[in-house]
Amino acid sequence: MNGSASTVSTTAAPAGVDDAAPRSTTDVEQLRLLQRRRPFGVWFKDKGWRHLVGIAVTTFAIFPLLYVLSAAFNSTGTLVGSNALFSRIDFGNFTELFNNPGRPYARWFVNTMVVGVVTSAATVFLGAMAAYAFSRMRFKGRRIGLLSLLLLQMFPQLLAVVAIFLLLSGISEVIPALGLGSQLGLIMVYLGGALGVNTYLMYGFFNTVPKSLDEAAKIDGASHTQIFFGIIMRLVTPILAVVGLLSFIGISGEFVIASVVLTDPDSQTLAVGLYSFVAQQRSENWGVFAAGAVVAAVPVMALFLFLQRYIVSGLTQGSVKG
């Protein structure tokens with residue numbers, strides 16, 4: 001009896017496997033047929049409209065870039081001649097851009113890099129110290145200080161242009177290095193309005209770092225300075241990269257305050273200097289202007305690609321816990 005039972009079970013198992021395999025294959029084929037036969041209206045309602053929106057948004061974003069590139073490589077000097085994209089490709093605009101002694105583009109580029117890098121680094125450092133103090137220390141006026149920093153950012157620096165001009169004009173009589181026409185004065189103006197949103201953004205990210213790390217370091221005898229530079233700054237690298245990137249982008253394209261503070265053409269930044277190519281009514285040179293804009297976008301794009309891995313985590317983690 002035992003032998004017959006075992007024989008039945010061993011012979012039945014392969015039959016079951018052989019019967020199940022065709023069924024599974026048939027089911028997969030039926031699902032594929034159903035997907036292929038799905039009407040276009042059903043597919044468009046489910047997923048197709050997303051592709052359409054994606055194509056429209058991509059076209060809307062890429063077309064201005066293509067137009068600027070076409071104008072930059074077209075030495076006719078007008079934007080009308082660039083309506084046919086890339087109908088003519090040459091480097092005449094770039095040659096004129098760097099060979100014009102009255103408009104030192106290379107000097108403007110260096111000035112922008114100096115102002116942008118120094119201001120971004122100082123903004124990250126000052127914002128990190130302020131965020132660490134608000135996140136880890138408890139003192140009188142802490143909550144009011146946070147709200148004040150946030151409320152001050154509701155008023156843009158553009159409203160204070162007249163006050164900034166008068167202030168720097170008075171300072172230039174005492175300390176010329178910080179007055180009108182100096183890049184150091186412009187950096188100080190930028191730093192004065194950089195603590196609000198950046199500090200609040202860093203504060204939310206600092207709160208995601210466990211305070212137990214600070215307590216363990218204090219037990220080992222570490223001071224606040226050692227904890228800040230040795231532990232916290234290494235753990236909050238994503239938000240530091242985000243704040244530095246946003247500061248650099250904003251400063252590279254800032255025009256109003258830079259045009260008021262920087263009166264000397266040799267000390268101007270790219271945003272102010274490039275405006276001179278199209279400022280005069282009858283002598284606009286949009287091709288050279290487009291070429292300068294393309295070159296000016298290279299460092300910003302390179303920095304964005306270099307810090308891309310930190311951007312998503314830096315922006316999202318700081319908004320989870322504040």
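This report describes where nonpolar residues lie in the structure above, first inside the protein and then on the surface. The structure is a predicted model.

**Inside the protein**

In soluble globular proteins, nonpolar side chains tend to be buried together. The largest nonpolar core in this model contains 21 residues, and those with the most contacts inside it are Ala128, Met202, Phe206, Ile232, Val236, Ile239 and Leu240. At least two residues of this core come from each of the helices in the table below, and H4 contributes the most, with five residues.

| Helix | Residues |
|---|---|
| H4 | 105–136 |
| H5 | 142–152 |
| H8 | 196–206 |
| H10 | 224–235 |
| H11 | 237–252 |

A second core, separate from this one, has 15 residues, including Phe94, Leu270, Ala290 and Val295. Valine 236, named above for its contacts in the largest core, touches Phe205, Phe206 and Val209 when residues up to four places away in sequence are not counted.

Helix H7, which spans residues 183–192, has Gly185, Leu186, Ile187, Val189, Tyr190 and Leu191 as its buried residues. Among the elements that cover these buried residues are H4, helix H6 (161–174), H11 and helix H12 (256–261).

**On the surface**

Nonpolar residues also occur on the outside, where Ile62, Phe63, Leu66, Leu69, Leu85, Phe86 and Ile89 form a surface patch with about 570 Å² of accessible area together. One of these patch residues is Leu69, which is found in helix H2, residues 40–72. Is leucine 69 counted as buried or partly exposed? Leucine 69 counts as partly exposed because its relative accessibility is 30%, whereas buried means under 20%.

Methods. Residues numbered from 1 in each chain as written. Predicted model: local features only at pLDDT ≥ 70, side-chain atom pairs only at ≥ 80, totals over all residues. Heavy atoms only, no water. Patch = residues over 30% accessible without salt bridge, like charges linked within 9 Å, V, L, I, M, F, W, Y side chains within 5 Å. Areas by Shrake-Rupley, 256 points an atom, 1.4 Å probe, with all protein chains shown as cover. Salt bridge = Lys/Arg side-chain N within 4 Å of Asp/Glu carboxyl O. Helix = DSSP H or I, 4+ residues; strand = E, 2+ residues; numbered from the N terminus. Buried < 20%, exposed > 50% of the residue type's maximum accessible area, 1.4 Å probe, protein only. Core = buried A, V, L, I, M, F, W, Y, C linked by side-chain atoms within 4.5 Å. Contact = heavy atoms within 4.5 Å.
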